[in-house]
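These are my notebook entries on one protein chain. I record here what I looked up and what I found.

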Amino acid sequence: MNSNEPAAYDAVVLAGGGARRLGGADKPGVRVGGRALLDRVLGACADARATVVVAAPRPTLRPVLWTREEPPGAGPVAALDAGLRRVTQDDVLVLSADLPFLAPDTVRRLLTALRSGGAEGALLTDADGRDQPLVAAYRTTALRRELAVLTTSHGNLTGLPLRRLTAGLDLARVPDPVGSFDCDTWDDIATARARIREHDHVLDEWISAVKDELGVDLDVDTGVLLDLARDAAHGVARPAAPLTTFLVGYAAAQAGGGPEAVAEGARKAAALAVRWAQEAEKEAGQEAGRDKAAETGGPGPDAG
C-alpha cells in the first residue's frame, strides 16, 4: 500500500434487531429515497476490505459476508462478537443498518479520528451530544479484549447493552447530528424521506439511487452534465438534453468508462451544442437582414 492509499478496514453491520418500535417491520429493508436502509449503509462503506452483516441473509446491492449471533436475537454485543469473528483488519467500522444519511465522508472522518491519535475507538455523537457506538470505528484488538472481559464476567454476552462494552475503551468523539441520525420509529422514517426530497439533497440522492439500481460505480462531475443538458436544451431543443446526456454516457462506456471518459464526451457534446446555437443565431441574423432588405428594396446580406 502506498502513502496515497487509505489504510484498510473491515466493516461489521448489525442488521438483525427486532424493530419493535416499527411494529416488527423488516427495518433493514425499509426504503428511504428508493433504497433499502441496509443498502444505503453498505454504500457508505463500499471500500471496506470485507463487510460482515450480522443477520439472516437477504439480497443486497453488493456482496457481503453473512453471519448470526448465537442464539439469534441475543442482542447487539453478541451480534458484534459474531461479526468480529469474520474480521481480519486491524481497524473495524461498526454500524447499525438504519442510518439513512451515513456517507463515505462520514466513514473517512471516523477512521481519521481513530488513526490520528491513541484512541481505541472513534464514534459519532448525535444532536443531543449522546454517544452512538453503532456509528463508530474501533481497534479490532480493543473490541476483542473487552468482549473477552465481558464473557469472563458474565459467562455469555446475551442481552448485554453496548455501554458495557464501550465503557472500557478510550474513545474519541466526532459530532455529527446528520450522519448519526437513525430510524427507530415510523416518524423517523418519515423525517428521513422528507429530508431526502428537499431541494438541496434530492439530486444527489436520486443520482446515488440510480447508480445503485443500475450497478454503476462511477463518480462524475454532475455539474458538467447539467451544463451540457442546459446547452443542448437551449441551443438545440428541449428533448435534446436527456438524449444528449444519454449518448455521452453510452460513448463513455464504449471508451472504457471512468470519469475522464464522461468529461471528455461532455466537453465534445457541449462544444457541438455551442456551435449549433451560434449557427442558428447567425442564420437568424441573416434571415432578418434579408427580410429588412426586401422591405427596403436593397440588397440582402448574401448579395454579391
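The entries below treat the sheet, its strand 1, one acidic residue and the aromatic pairs.

**Entry 1: Basis.** I worked from a predicted model, in which local features need pLDDT of at least 70 and side-chain atom pairs count only at pLDDT 80 or more, while totals for chains, interfaces and linings use all residues. I number residues from 1 along each chain as its sequence is written, and side-chain values use heavy atoms, with hydrogens and water left out.

**Entry 2: The sheet.** I took helices (H or I, at least four residues) and strands (E, at least two) as DSSP runs, numbered from the N terminus. Two strands pair if DSSP finds at least two bridges between them. I found an open sheet of seven strands in the order 5-4-1-6-8-7-9, and its pairing is mixed. Strand 5 (65-67) and strand 9 (171-175) are the edge strands, each pairing on one side only. On average, neighbouring strands of this sheet are turned by 25° against each other, direction ignored. For such angles, axes are lines fitted to C-alpha atoms, for helices over the stretch in contact, and angles run from 0 to 180 degrees between N-to-C directions. Helix 4 (residues 140-154) packs on the sheet, where it touches strand 6 and strand 8 (131-139); contact means heavy atoms within 4.5 Å. The direction of helix 4 makes about 115° with that of strand 8.

**Entry 3: Strand 1.** I noted that strands of a sheet pair through backbone hydrogen bonds, either parallel or antiparallel. Strand 1 (residues 10-14) runs parallel to strand 6 (residues 91-96), and five bridges join them. Within strand 6, Leu 93 stands opposite Ala 11, and Val 94 is the bridge partner of Val 12. Strand 1 also runs parallel to strand 4 (residues 51-54), joined by four bridges; there, Leu 14 has Val 54 as its bridge partner.

Is strand 1 buried or exposed? Five of its five residues are buried, so strand 1 is largely enclosed by the rest of the structure. Buried means under 20% relative accessible area, exposed over 50%, and partly exposed in between (1.4 Å probe, protein chains only). Asp 10, Val 12 and Leu 14 point one way from the strand, and Ala 11 and Val 13 the other way.

**Entry 4: Asp 39.** I located Asp 39 in helix 1 (residues 37-44). Asp 39 touches Thr 60 and Leu 61, not counting residues up to four places away in sequence. Asp 39 is buried yet has no salt bridge (a side-chain nitrogen of Lys or Arg within 4 Å of a carboxyl oxygen of Asp or Glu). The nearest side chain of opposite charge, Arg 31, is 5.7 Å away; Lys and Arg count as positive and Asp and Glu as negative, whereas His and the chain ends are not counted.

**Entry 5: Aromatic pairs.** Rings of Phe, Tyr and Trp (its six-membered ring) pair if their centres lie within 6.5 Å; planes under 30 degrees apart count as stacked, over 60 as edge-to-face and the rest as tilted. I counted two aromatic pairs by this rule. Phe 101 and Phe 181 form a tilted pair, 5.7 Å centre to centre with 40° between the planes. Phe 101 is buried at a relative accessible area of 10%, and Phe 181 is partly exposed at 22%.
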